[in-house]
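Trainee: Please take one part of this model and go through it closely. I would like to see how the neighbouring parts fit around it.

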Amino acid sequence: MSTLYISDLDGTLLKSDETTSEYTEKVINHFIENGEYFSYATARSIFTASKVAEGIHTNIPVIVYNGSFLLDADGKMLLSNFFDKEIYDVLNDLFMKDIYPIVYTFIDDKEKFSYIPKLCTDGMKRFLDTRKGDVRINEVKTTEELKNGSIFYLACIDTAEKLEPFYLKYKDTFNKTGYRHH
């Protein structure tokens, strides 16, 4: 009987420099070559996950964006979870408290992450600096533009004091009903 191993990437499989060690790659690839199964579940996108895990030759689906998508070994989407229209109320609620997330969407069948440059926090700027040249970048000017497309992920990068009330308010809502399954 085969065993399925699933790991997170950041803080688990990756070293502090966001790479896998030769030893880790050797052990995991040995598992796979011997009929075992290995995958990862991560908050990362497939773009950044596949870069940091390129030495691991998983041949089964991977989970990205904290469960928003299940992708096969070739990157084909097997399962997608998008927010329903209630996400617009959440966004308006965030905007009223001066929180402007990075909004991940599909616009015209292309994955994008949208943000308003002039409203970025220092933390957002640091994150965005790591994404320079990314084809998914979509700078917008208004909060209404942040609502374009099919939304599947929000990244709110701000102070704990500003974010905690929203976490407490919405954590149970979207764990139970926030996604549409396709």
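Mentor: Start with S114, whose bridge partner in β8 is N138. The model is predicted, so every value here is computed from predicted coordinates. Strand β7 covers residues 110-115 and pairs with β8 in the parallel sense, over three bridges.

These two strands are part of an open sheet of four, in the order β8-β7-β6-β9, and the pairing in it is mixed. At the edges are β8 (137-139) and β9 (150-155), each of which pairs on one side only. On average, neighbouring strands of this sheet are turned by 30 degrees against each other, with direction ignored.

Next, look at the helices that lie across the sheet. Helix α5, residues 122-129, lies across β6 and β7 and runs at about 45 degrees to β6. Helix α4 lies across β6 (102-107) and β9, and its angle to β9 is about 35 degrees.

Helix α4 spans residues 87-96, and its buried residues are I87, V90, L91, D93, L94 and F95. One of these is D93, an aspartate, which belongs to the charged class. After α4 comes D98, and the phi of D98 is positive, near 60 degrees.

D98 also takes us to the enclosed space in the model. A search of the whole structure finds one cavity of 30 Å³ or more. The volume of the largest cavity is about 40 Å³. Its lining consists of D98, I99, Y100, P101, L119, T121, M124, C156, I157 and D158. M124 in that list falls within the residue range of α5, 122-129. By class, the lining of this cavity divides into seven nonpolar residues, one polar and two charged. T121 is on the list, and threonine counts as polar because it is in neither the nonpolar nor the charged group. The charged residues of the lining include D98 and D158.

The sheet also has a part in an open space. The second largest pocket holds about 470 Å³ of space. It is lined by 21 residues, and the closest to its centre are R44, S45, T48, F127 and R131. Among them, F127 lies within the range of α5, residues 122-129. Helix α3 (46-52) and strand β9 each supply at least two residues of the lining. The most comes from α3, which gives four residues. By class, the lining of this pocket has nine nonpolar, four polar and eight charged residues.

Finally, compare the backbone at D98 with two loop positions elsewhere. E18 lies in the loop between α1 (9-13) and α2 (22-33). The phi of E18 is positive, about 65 degrees, although E18 is not a glycine. E18 counts as partly exposed because its relative accessibility is 43%, and the class runs from 20% to 50%. N66 is in the loop between β3 (62-64) and β4 (69-71). N66 is not a glycine either, and its phi is positive at about 55 degrees. With a relative accessible area of 54%, N66 is exposed, since that class begins over 50%.

How values were computed. Residues are numbered from 1 along each chain as its sequence is written. This is a predicted model: local features need pLDDT of at least 70, side-chain atom pairs count only at pLDDT 80 or more; totals for chains, interfaces and linings use all residues. Side-chain values use heavy atoms; hydrogens and water are left out. On a 1 Å grid over the protein atoms alone, a cavity is a set of points where a 1.4 Å probe fits but cannot get out, and a pocket is an open set with protein on both sides within 12 Å along at least five of seven lines; lining residues have an atom within 4 Å of a point. Grid points are joined across faces, edges and corners, and a volume is the space filled by probe spheres set on the points. Buried means under 20% relative accessible area, exposed over 50%, partly exposed in between (1.4 Å probe, protein chains only). Two strands pair if DSSP finds at least two bridges between them. Axes are lines fitted to C-alpha atoms, for helices over the stretch in contact, and angles run from 0 to 180 degrees between N-to-C directions. Contact means heavy atoms within 4.5 Å.
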